[in-house]
Amino acid sequence: MGGGSVKDVKSKLELDGLVQSGAPVVLHFWASWCEASKHMDEVFSHLSTDFPHAHFLRVEAEEQPEISEAYAVSAVPFFVFAKDGKIADKLEGADPSSLANKVAKVAGSVNPGEPAAPASLGMAAGSTILETIKDLAKENGSSQVKIGAGDTLQKRLKQLIESNPIMLFMKGNPEEPKCGFSQKVVDILKEEKVKFGSFDILSDNEVREGLKKFSNWPTFPQLYCKGELLGGCDIAISMHESGELKEIFRDHGIGTTDSAGAYVIEDGSGKGGTSASTGLNSTLTSRLENLINSSPVMLFMKGKPEEPKCGFSRKVVDILSQEKVEFQSFDILSDEEVRQGLKAHSNWSSYPQLYIKGELIGGSDIVLEMQKSGELKKVLAEKGIVPKDSLEDRLKKLISSSPVMLFMKGTPDAPKCGFSSKVVNALTEDGVSFGSFDILTDEEVRQGLKVFSNWPTFPQLYYKGELIGGCDIILELKNSEELKATLTE
C-alpha cells in the first residue's frame, strides 16, 4: 500500500482515542485482495500530504473485525470522516472526486479561503491512477467490492465445506502442511483415524478471504464437520484431548479407518425407521418414551438452551427461538444411558434430535432445511404448536416487515419487469432504504395482495403499512421531488 503520512490502525482503543481528540480523522477500510482498494489508497496517501492537519488512518477491514463492525463496514473501499469527536460523513466505493471533497470538508481546503474541491487531486494523484480506478469500475460493474462472500462465492464456499463430512481448510495439504497449526490438526485427524477432505487456502485467495467472513473466523486452519464449523487449531486440540472430538464424529455417523485402511462405522449409526429389536429393556424404553412425550416440542441436545455444548445443538436452539416455539430440552451429556439408548430407540445416530408431538423430526441439518423451506412452520401449525396465520395476517406481517416495503417482480438486483425496475431506480437515486418481496415466488401473496390493497397491479410500494401506489405514482412523486419526503415523514 502507499506511503505519505498514513498510519495503519492496530487497535480500536487507539482509533477511539484519535477520534475522541476532536481532530479531523479520515479512515480508509481496505482489503489486500481488492484492486480498487489498492488504487484508492494511492489517492488517499496523496490527500494525506495535502491535508497535514488531519489524521489519515488505514484499517484492514478483515484483519480488524471489531473496528469494521463498529463502523458498519460491509464492503471495500469504505471511508469514514470524523470531526469534533463525531462521525461527519461516510463514503462507499472508489470515487476519487467525492473522497477529495469530503476530506476537504472535514480537514479544510488545500489552501485557506479556497472552496472545498478536488482541485489538488488530479495533480497529486495523477491521471494514471484516476483512469485505472475508472477502468476497474467498468470491468467490475461497480467501484465497490463486498467483503467476504457474495452470492456466487457464498455458494462455492458452502459446496466446499459440504464436499466431505469432515473438511479441513488449511495452509498446504495433508502430505505437506505449510504451517505448524495446520500440521497439528492434520495429525489430530490421523490419530482419530477419520477420513477427511482438505483445501489449500494458499492456492485461492478468494476462498481464503471469503471464508473468514463466511465463518466469522479470522484464522486458519478451520475444521468443519457435516458443514458446521468446529473451530481452529486450539479448539481441535482441546476437543481431541477431552475426547469430545471422537464423540462428535461418532454421533454424526462418521466412521474410522482400521489398520488395513478399511472404513468402520460404529454400531447404531444407521438412520431410518424405528427398529423393533432395539435391544433396550422395557424400563429404559418406557423412560425414553416418557421423556420424548414430556413436552409437545422436545429437544435432546448437548448442554442446555442457554449454554449449548456444540454448534449443532446451538443451531437448533436458535431456529426454535426464531420460530418463537416453546420447548423443553434434555442434556444428553448428563445421562449416558439416555444418550446411547435414544440412538437405538429412534435409530438415529447423532445429536441433537428434535421431536414434535412424540415424532422424530431429525437433526440440525433437517431442521434448518425445514425452516428455510417453510415446512417447519407448517408442521408446527398442523400439530397445533403455533397458531396458523391467515393470509391476511401474513400479508400484514410482510407489509410491515420494513418501513418502506416494495412488492415487485424479481429482486432489486434483478427486476423482472420494467415498471419494477423504474421504482427500484427511483428509490435508489433518492437514497431510500427499502425491503422487497418478489411476488413471482408466491402466487398466494401475489393474488392476495391485489384484493387486500384493492390495487390490481405490481409493483406496489408501502410506507409504514400504508399503500403509496404503483409505478406511475412513484415516478410522479420522484419528478416533483416529493418521494423522499413522503417516505420519511
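**Aromatic pairs, salt bridges, cysteines and a pocket**

A search of the whole structure, which is a predicted model, gives 10 aromatic pairs. One of these joins Phe-169 and Phe-199, whose ring centres are 6.0 Å apart and whose planes meet at 45°, a tilted arrangement. Phe-169 belongs to strand β8 (residues 166-170) and Phe-199 to strand β11 (residues 197-200), so this pair ties together parts of the chain 30 residues apart in sequence. Phe-169 and Phe-199 are both buried. A tilted pair is also formed by Phe-300 and Phe-330, with 6.0 Å from centre to centre and 45° between the planes. Here the partners are strand β16 (residues 297-301), which holds Phe-300, and strand β19 (residues 328-331), which holds Phe-330; the pair therefore ties together parts that are 30 residues apart in sequence. Phe-300 has a relative accessible area of 0% and is buried; Phe-330, at 15%, is buried as well. In addition, Phe-29, Tyr-71 and Phe-78 are linked by ring pairs into a cluster.

Salt bridges were searched for across the whole structure, and 21 were found. Among them is the contact between Lys-12 and Asp-16, in which the closest N and O atoms are 3.0 Å apart. Both residues lie in helix α1 (residues 12-20), at a spacing of four residues, or about one turn of the helix. Lys-12 is partly exposed, with a relative accessible area of 25%, and Asp-16 is partly exposed at 22%.

A salt bridge also joins the side chains of Asp-41 and Arg-58, at 2.7 Å from N to O. This pair links distant parts of the chain, with Asp-41 in helix α2 (residues 35-50) and Arg-58 in strand β3 (residues 55-60), 17 residues apart. Asp-41 and Arg-58 are both buried. The two residues also take part, together with Asp-8, in a network of salt bridges.

Lys-158 makes a salt bridge with Glu-162, the closest N and O atoms lying 3.0 Å from each other. Lys-158 counts as partly exposed because its relative accessibility is 35%, which falls between the limits of 20% for buried and 50% for exposed. Glu-162 also appears at the second largest pocket, as one of the residues nearest its centre; the others are Gly-227, Glu-228, Lys-315 and Leu-368. The lining of this pocket comprises 17 residues, and the space inside is about 530 Å³. Two or more lining residues are given by each of α7 (151-161), α9 (205-215), β13 (228-231) and α15 (364-373). The largest share, four residues, comes from α15. By type, the lining of the second largest pocket consists of eight charged, six nonpolar and three polar residues.

The structure holds zero disulfides. For Cys-179, the nearest cysteine sulfur is that of Cys-233, 7.9 Å away, and Cys-179 is in no disulfide. Cys-179 has a relative accessibility of 17% and therefore counts as buried. The sulfur of Cys-417 has its closest cysteine sulfur in Cys-471, at 8.0 Å, which is too far for a bond; a disulfide would need the two sulfur atoms to be within 2.5 Å. Cys-417 likewise counts as buried, at 17% relative accessibility.

Terms used
Residues numbered from 1 in each chain as written. Predicted model: local features only at pLDDT ≥ 70, side-chain atom pairs only at ≥ 80, totals over all residues. Heavy atoms only, no water. Salt bridge = Lys/Arg side-chain N within 4 Å of Asp/Glu carboxyl O. Buried < 20%, exposed > 50% of the residue type's maximum accessible area, 1.4 Å probe, protein only. 1 Å grid on protein atoms, 1.4 Å probe; cavity = no way out; pocket = protein on both sides within 12 Å on 5 of 7 lines; lining within 4 Å. Points joined across faces, edges and corners; volume = space filled by probe spheres on them. Nonpolar A, V, L, I, M, F, W, Y, C, P; charged D, E, K, R; others polar. Phe/Tyr/Trp six-rings, centres within 6.5 Å; stacked < 30°, edge-to-face > 60°.
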